Every structure is written in C-alpha cells, then in structure tokens.
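Let's take a walk through this one, starting with a pair of helices and ending at a pocket. Have the model open as you read.

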Amino acid sequence: MSTTFTAALAGRLSSKNKDGKERRKLSYPVVLLIIAGALLLLSALRMITDANDLTSSGQYSSALAAAVPIGLAGLGGLWAERAGVVNIGLEGMMMLGTFCAGWIGWQHGPWAAALAGIVGGALGGLVHAVATVTFGVDQIISGVAMNILALGVTQYLAKLWFGAEGSEAQQAGGNDKQSPVMENMPNFSIPGLSDWLNDIEKHHWFLVSDAAGILDGLVTDVSWLTIVAGLLFVLTFFVLWRSAFGLRLRSCGESPVAAESLGVNVYKYKYAAVVVSGALAGLGGAFLAIGTHMYSDGQTAGRGYIGLATMISGNWRPGGVAMSAGLFGFMDSLQLRAGGPTVHALLLLLAVLLVGVAAWRLKVGKTRAAIIAGVIGALLVVWYATTDTVPLELVVATPYVATLLVLSVSSQRLRMPKANGKPYRKGQGK
C-alpha cells in the first residue's frame, strides 16, 4: 500500500515538474571537468596578476568560515520553499540563533550554544508557520515582521539580561550590545597533510601549489560545526529527494491540492518544513556567535538575505546552495581580508568570462547579447590595465555585487516550486 501511494504521489509530482523541456543533468565527469577548468583558470590568473591570495590557504579557510552561516540560511530557505512557504524571515531567525547561542554559550560552552541557536531559530520558524500556514497571513509580510520582531526582541533582551546593572552577565563582561565571552569551539586539522600541503603552497608552482593551497584551507583549523553543516547538506538531499517523507513535503510545494487528494496532511508537512528552516537558520546564527565567542548586536549583517540569494541561484537544490554559498563566502572573505589587489585581479577573470559568454551568444545567434557582453568585457580589460587596485568601497561591496551578478546570470534556468508562496487552505481542491 505504501509503495503504491508513493508511486502515485511521485507520478503526480513529476507531471507537475515538467515545463515542456527536458533538463540535462550534470554527470560527475562533467562536474570534475568544470572544477579542473576553474582551477586552471585561477592558476593562470594568479601567475599573470601575481595575486597569490586567489588560491592561498588563508583565503579559502576564511571563505569556508564565511560560507557556512550563509549556506545554512540558504538551506533553511530551501526547506521552507520546497514545502511552498516563502521564508524572508531567515535574517530574523538567524538573529534569534545568535542571541540564544550567546545567552547559553557563556554559561555552558559552545556546543550548548549551538543547540540553543537551533532552538531559537526553530521558535522563530514556528511563529512564521503559525502566521502563514494556520492563519494565512501573507508570507512576505510575515517574514518581514519576523525580521523586525527578532531585532526588537534581541535588543531588548540583551539590555535586560546582559547589560543589567550588577547582573552576573555584566560582571562577566556583558553589556547592552553583547554577551559575555564563551569558550572556544575546538578546531581540527588533518595531521601531516596540513603541513605537507602548506610546504607545497609556498613554492608557488603553477597548478600544483594552487591546488595545495585550496586543499590546505579546507583541511586546516576546521571547526567541528563546519563538518556538522556539511553533513546537514548531505542529509537534506537524502531526506528530501530519497525518502517518502521528502516526496510528500516537496509535493506540498508543487501542488498541495494533489498532495491532499492522495492523503498527505499538507499543514503538517508545511509546519515541519518551516520549523526545520528556522532551526537551520538559527544554527547559522549560532555559528557566527561561536566563531566570535559572543553574541553582538548586528552580528548577522544581512547574511540571511544573502542566504535567500544562494537558495535562488542554487535553484532550490542543496548542491546549488552549497556552491553559491561557497562563492559568496569567497567574496566575503576577500573584503574581510582587505583584498583590493585580489579583487583587481578578478576584473581580468570576469573580462575573460564575458568574452566567453559573448562568443557563445554569438554562436547561438543572439548578436545583441554578444555585443553587450563583449563591450563590458573590453571595458573591464581597460579598467584592469589602467589601475593597480580597486577602491576599498568596491571591495566591501564585492559580496553584494557578486550576489546580483549571479542572480542575473542564473535567472534564465531557475525554476522554483510551483505553489511556492501561494496561500493554501485545507479542502480547497474539493
């Protein structure tokens, strides 16, 4: 009976997924070729521009740390929107995660802080689910309200609990804007491998040292929470795409009426998805607090919104979210490391990519798009040739510029769940 039900639901869902075109999937050999080509391009760019930070271990270690909270927020958005609920409140749920992590962390340590962040974010997700699923509040309005509510609640409670005159938290170093310092979350490195890769990186050999630098950044001083985040991406894929539970949940985002006709409790799955969404965003916020050893006001700095962008540019898939988060983490790391020369080198990379886009557009007969891409590429080459660095203001804005560029480029291939953001009431298909 269960097999028949699942097959019927899969048939309904697959019919809804068709948009008239067969989408080609990337095979593992093709993915490996793309990675190898990207590494060759970065290696050549480093040799030409002498921007060694492009493939340095420090850059990629910092990028990994910057990508994790963004990726967790994006993964949280994926859970909610695969069930048909838009979650713009990810930023607020991250705020709740940072606050709860700071509150518990200074008293009980970083692992307790991570759990507290999950609980705080899940509570935010529950509020959003009650408003949108039970009461049918507009999902955009509810998400915005969640962000405003979370900001006010965290600032008020910080003054009440961390900055209260004579309180234990104040005596431990807390104030109105931050919590007392918590213990450090342990990191790990792979013994022997880290030192060996670091030695190879120092030689600056073409391709070999670049690969060693990137790998060294990914295996040296890695937080255990980063490993947890990676496992959550894998777990999300198997739960949503390889289980009956995930099939039912995704059916709620494609056609809740069809799902209800096959016996799915749509409300239950939407609630589960939004609560999990908040928990993941809360863990992303906790990662920020644990990384800096405290909660501080304004700590999320818009990462919840960037997480939404990773979900969209990643086409509502865990692998796409992970890759987009890696890109944004890389750009965020550049501005944190004051990478003016590195961003300057990326102008040349962007110019080469635009020339490639122009050639491809010309081949498929889109002359106007080819000319525009070619002209912009030529202007970037001129900019690169006539300057030695880029203004600090542009470096700081790099993650947000990258967000807009990636969304612009990927907009033609995106396909969100068909019922995403649409209100649903039980029995409406009858």
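**Two helices and a pocket**

This is a predicted model. Start with helix α3 (residues 57-82) and helix α15 (residues 318-336): their axes come within 7 Å and cross at roughly 135°. Angles over 145 degrees would count as roughly antiparallel, and 65 to 115 as roughly perpendicular, so α3 and α15 end up oblique to each other. As for handedness, the crossing of α3 past α15 is right-handed.

Now look at what actually touches. On the α3 side, the contact takes in Gln59, Tyr60, Ser62, Ala63, Ala66, Ala67, Ile70, Gly71, Gly74, Leu75 and Leu78. Facing them from α15 are Pro318, Val321, Ala325, Gly326, Phe328, Gly329, Phe330, Asp332, Ser333 and Leu334. Sort the residues of this contact by character and you get 13 nonpolar, seven polar and one charged.

Stay with α3 for the next stop, the second largest pocket, because α3 gives the most to its lining, with six residues. The second largest pocket has a volume of about 560 Å³. Its lining runs to 26 residues, and those nearest the centre are Ala65, Ala66, Ser223, Phe287 and Gly291. Ala66 should look familiar: it is also one of the α3 residues that meet α15.

Which elements supply at least two residues each to this lining? They are α3, β2 (222-223), α10 (224-241), α13 (266-292) and α15, so both helices of the crossing turn up here again. By character, the lining of the second largest pocket divides into eleven nonpolar, twelve polar and three charged residues.

Technical notes
Residues are numbered from 1 along each chain as its sequence is written. This is a predicted model: local features need pLDDT of at least 70, side-chain atom pairs count only at pLDDT 80 or more; totals for chains, interfaces and linings use all residues. Side-chain values use heavy atoms; hydrogens and water are left out. Axes are lines fitted to C-alpha atoms, for helices over the stretch in contact, and angles run from 0 to 180 degrees between N-to-C directions. Helices (H or I, at least four residues) and strands (E, at least two) are DSSP runs, numbered from the N terminus. Angles under 35 degrees count as roughly parallel, over 145 as roughly antiparallel, 65 to 115 as roughly perpendicular and the rest as oblique. A crossing is left-handed if the near helix is turned anticlockwise from the far one by less than a right angle, and right-handed if clockwise. Contact means heavy atoms within 4.5 Å. Ala, Val, Leu, Ile, Met, Phe, Trp, Tyr, Cys and Pro count as nonpolar, Asp, Glu, Lys and Arg as charged, and the others, Gly among them, as polar. On a 1 Å grid over the protein atoms alone, a cavity is a set of points where a 1.4 Å probe fits but cannot get out, and a pocket is an open set with protein on both sides within 12 Å along at least five of seven lines; lining residues have an atom within 4 Å of a point. Grid points are joined across faces, edges and corners, and a volume is the space filled by probe spheres set on the points.
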